[in-house]
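Let's zoom in on one small piece of a model today. Have a look around first, and then we'll start with a ring.

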Amino acid sequence: MWVAGEIQRMRPSPKGHLYFELVEKGEHDDIVGRIEGVIFRTDRDRIARLLRRSGQDLVDGQEVRCRGGVDVFSAGGRLQLVVREIDPLASLGMLERRRREILAGLEASGLLDRNRGLELPALPLRIGLVTSAGSAAYHDFISSLEASGYGFEVVLAATPVQGQGAELRVAAALGALRSAGVACAVLVRGGGSKSDLQIFESRAVAEAIAGAPFPVLTGLGHEIDRSIADRVAHSSFKTPTMAAEFLVARLAAAEARVRDLERALARCARLPVARAQLHASHVAQRLLRSSERVHDYARELESVRSRALAAARLRVRAAQREARDVGTRLVRLAPRALEVRRPLPEALARRIAARAFDRIRRETARVGALERLAAELTPERTLQRGFSITRTAAGALVRDAAQVGSGERVTTELGRGRIESVVERAVASSTALDAQPRRGAPRGVMGGAGEASPGERS
């Protein structure tokens, strides 16, 4: 019978047989069917030659359509498919169908052109390299960079680029470069058959390239076909050497732009320099003429200085003579002036003393008047003039008849002595001036501290 599926876990035996698993995958690459298979040594070489004619090889992940029969391995108790023949054309067709499905899925999810939209720096000096360490692709790439003479820095994310699980390792290596601070990443391989390059047709590698935060370049060593990884990458090249040459050319172009800018700057700078030189020449000539004028001014200034110095000497001598004359006159007139002014201080002192004594007499008289007035206004003098002060038994001043009641004791202070009384009746008046002594009220009480008439004194 003819059976179609994907080869996995392929392992040769010491006897030359080839054991593997043939699986069928569902819509999301999950395995929905599995059967163990074997190609015996007698059929293995013939099938391998047939596949190589179409550029294929038996590798993990390859889609195949094979013919064989089911047998039971009695020693192990396993049911297995014994493959006698593989259809190379059917394998190519299944690979193409799967390739188209992956490309359609990437486009639907917006990943097909995502990495191409990232900007590649003009000076990509720090580069992440994803390949097998020590491989021919590694040496070709590194040698091309070193030969350029530029200061490239390569961060190697070493990983196998074929074999079982290689696609997941390549995706992991690209993910590891996220924190390496690289300007771009380069995925290279030294070529091989269609089967060897199948990992670059996988969705896992394509998604890792599309989701990288930096541009990813590919150089997978194929001359004709363009893999899914090439389609998703920022830029793709046929060989690792061509990928390296692209980076070198990018730096060379940047260097050429710098050289062009240098030349343009030099051209732009020469014209102002020439103008400045011409201006400097004119200034030098003007300075030369100015120097001659300065010498003329210096001679004129020296002449003026000489004349001024001579005039100053004449003025100084005249001033000295005048000063001597003034001194002589002062010496002669000073005794007479002193004699005339000697009585003045004594007369001034007498006038000051007379005015001071007069002021003291006036102030003494004013103070005496104030003392007499103050003596007349003392409480004792007021009482002696006939006034009295009435207090309640608690000592409070009585200013209004309403402050006391019948039977209450009051004390009246006079100029000499005091009177203690008992109130029979207290009659309030509208004002203190209208208050009149009432019958039964103590003499000298006027509803407050009023003045009693001389005839009412007790």
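Student: Can we take a close look at the aromatic rings and what surrounds them: what does F246 count as at its relative accessibility, and why?

Tutor: F246 counts as partly exposed because its relative accessibility is 26%; buried means under 20% relative accessible area, exposed over 50%, and partly exposed in between, with a 1.4 Å probe and protein chains only. Before going on: this is a predicted model, so local features need pLDDT of at least 70 and side-chain atom pairs count only at pLDDT 80 or more, while totals for chains, interfaces and linings use all residues. Residues are numbered from 1 along each chain as its sequence is written, and side-chain values use heavy atoms, leaving out hydrogens and water.

Now the rings. You'll find two aromatic pairs in the structure. Rings of Phe, Tyr and Trp (its six-membered ring) pair if their centres lie within 6.5 Å; planes under 30 degrees apart are stacked, over 60 edge-to-face, and the rest tilted. One pair is Y150 with F152, edge-to-face with 6.4 Å centre to centre and 90° between the planes. Y150 is partly exposed at 25% relative accessibility, whereas F152, at 16%, is buried. The other pair joins F237 and F246: their centres are 4.9 Å apart and the planes sit at 40°, so this one is tilted. F237 is buried, at 15%, while its partner F246 is the partly exposed one you asked about.

There's also a charge to look at. R65 lies over the face of W2, 4.3 Å from the ring centre. That label requires NZ of Lys or CZ of Arg within 6 Å of the ring centre and within 35 degrees of the ring normal.

What about the nonpolar interior? A nonpolar core is a set of buried Ala, Val, Leu, Ile, Met, Phe, Trp, Tyr and Cys residues joined through side-chain atoms within 4.5 Å. The largest has 33 residues, and L106, V130, L187, F200, I209 and V232 have the most contacts inside it. Elements giving two or more residues to this core include helix 2 (88-108) and strand 8 (184-188); helices (H or I, at least four residues) and strands (E, at least two) are DSSP runs numbered from the N terminus. Helix 5 gives the most, with five residues. F200 touches V161, L187, R189, L220, S227, I228 and A229, ignoring residues up to four places away in sequence, where contact means heavy atoms within 4.5 Å. Apart from this core lies another, of 18 residues, including A137 and F141.
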